[in-house]
Amino acid sequence: LGNIYFLPMPYAVETAAPIYSGSSDYIAMAVNVYPGVDGQNIHLWVGKKVPDSDDFLERNGLHPAHGQRYVLTIDSGEQDWEELDAEVNYAATFFPVDSATNIFGTSQNKNEWASVNKLSPTMWAQALTGDDDIAIFSADVGGSDLDCESIGGSPLPCSISATAKHLGVK
C-alpha cells in the first residue's frame, strides 16, 4: 500500500498550495499550519530535493532535514490582517520560524484555503475564514540567496522577499 507520513506534533497542515520555487531542485508551498500559538500565521515551506535518495520525503523536498518552514513578517511592522489597509501592496519577508520576530498573522480567525495564481505561480490567495476576507501574497523563492543550511546540509534561503496585499473583502 505505501507509507503514511506525519508532521511532528503539535502541528497539522490543513492546506498546502505549491508555488514556483525557481528551480527544479527545490519545492515551495504555502502551508496553513495549526495550531498557532498566538493565532494563525502565514507559512511557507521550502525544501531541497535529494533525487538519489531511497526516502520518498527526501526525493520530493519534504524531509525536515532538507527543508525549512518560514513565517511571514511585514517589513513595516504590522502583525495582524486588520492592521493592513485594503488594496495596498506591503513589502514583506519570510524568515525561518525559529528566528522570526514581529510575525504577521491573525489573532482571531483561521486561515483556510490557499490557491495559486496560474499566470503568476509565485503568488497565492489566502482566505481568512470567519471574516469573509482574502489576502494576496507572493514570495520570490527563486530570487533568494541560498545563504543558510538545513540540518541535513542542504543550502536554503535565510530570508525570502515577499509582498502582501489585503483585499478587504467583507
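This is a short walk through the side-chain packing and pairing in the structure above, which is a predicted model.

Let us start inside. The largest nonpolar core holds 28 residues, and those with the most contacts within it are Leu 44, Val 46, Leu 72, Phe 94 and Trp 124. Many strands feed this core: S1 (12-19), S2 (26-34), S4, S5, S6, S9 (120-129), S10 (133-139) and S13 each supply at least two of its residues. Apart from this core lies another one, of five residues, including Ile 27, Val 31, Val 33 and Trp 45.

Val 46 is a good place to pause. Not counting residues up to four places away in sequence, Val 46 touches Tyr 26, Ile 27, Ala 28, His 66, Gly 67, Gln 68, Tyr 70, Val 141, Leu 156, Pro 157 and Ile 160. Tyr 26 also has a charged companion: Lys 48 lies over the face of its ring, 5.5 Å from the ring centre.

Now follow Phe 94 and Trp 124 to the aromatic side chains. The structure holds two aromatic pairs. In one of them, the ring centres of Phe 94 and Trp 124 are 6.2 Å apart and the planes meet at 35°, so this pair is tilted. The pair links distant parts of the chain, with Phe 94 in strand S6 and Trp 124 in strand S9, 30 residues apart. Phe 94 has a relative accessibility of 0% and therefore counts as buried, and Trp 124, at 1%, is buried as well. Ring pairs join Phe 94, Trp 124 and Phe 137 into a cluster.

Phe 94 also leads us to a polar residue, His 43, which is found in strand S4 (residues 43-48). Is His 43 buried or exposed? With a relative accessible area of 6%, His 43 falls under the 20% limit, so it is buried. Leaving aside neighbours within four places in sequence, His 43 is in contact with Met 29, Ala 30, Val 31, Val 33, Arg 69, Tyr 70, Val 71, Phe 94 and Val 97. With one of these, Arg 69, the His 43 side chain makes a side-chain polar contact of 3.1 Å.

Finally, we come to opposite charges. Side chains of opposite charge can pair when their charged atoms come close. Here the count comes to one salt bridge: Lys 165 pairs with Glu 87, their closest N and O atoms being 3.6 Å apart. Lys 165 sits in strand S13 (residues 160-166) and Glu 87 in the loop between strand S5 (67-74) and strand S6 (89-96), so the bridge links parts of the chain 78 residues apart. Both partners are partly exposed, Lys 165 at 23% relative accessibility and Glu 87 at 48%.

Definitions and conventions: Residues numbered from 1 in each chain as written. Predicted model: local features only at pLDDT ≥ 70, side-chain atom pairs only at ≥ 80, totals over all residues. Heavy atoms only, no water. Salt bridge = Lys/Arg side-chain N within 4 Å of Asp/Glu carboxyl O. Helix = DSSP H or I, 4+ residues; strand = E, 2+ residues; numbered from the N terminus. Buried < 20%, exposed > 50% of the residue type's maximum accessible area, 1.4 Å probe, protein only. Polar contact = N/O pair within 3.5 Å; in protein donor to acceptor, adjacent residues only side chain to side chain. Contact = heavy atoms within 4.5 Å. Core = buried A, V, L, I, M, F, W, Y, C linked by side-chain atoms within 4.5 Å. Phe/Tyr/Trp six-rings, centres within 6.5 Å; stacked < 30°, edge-to-face > 60°. Lys NZ or Arg CZ within 6 Å of the ring centre and 35° of its normal.
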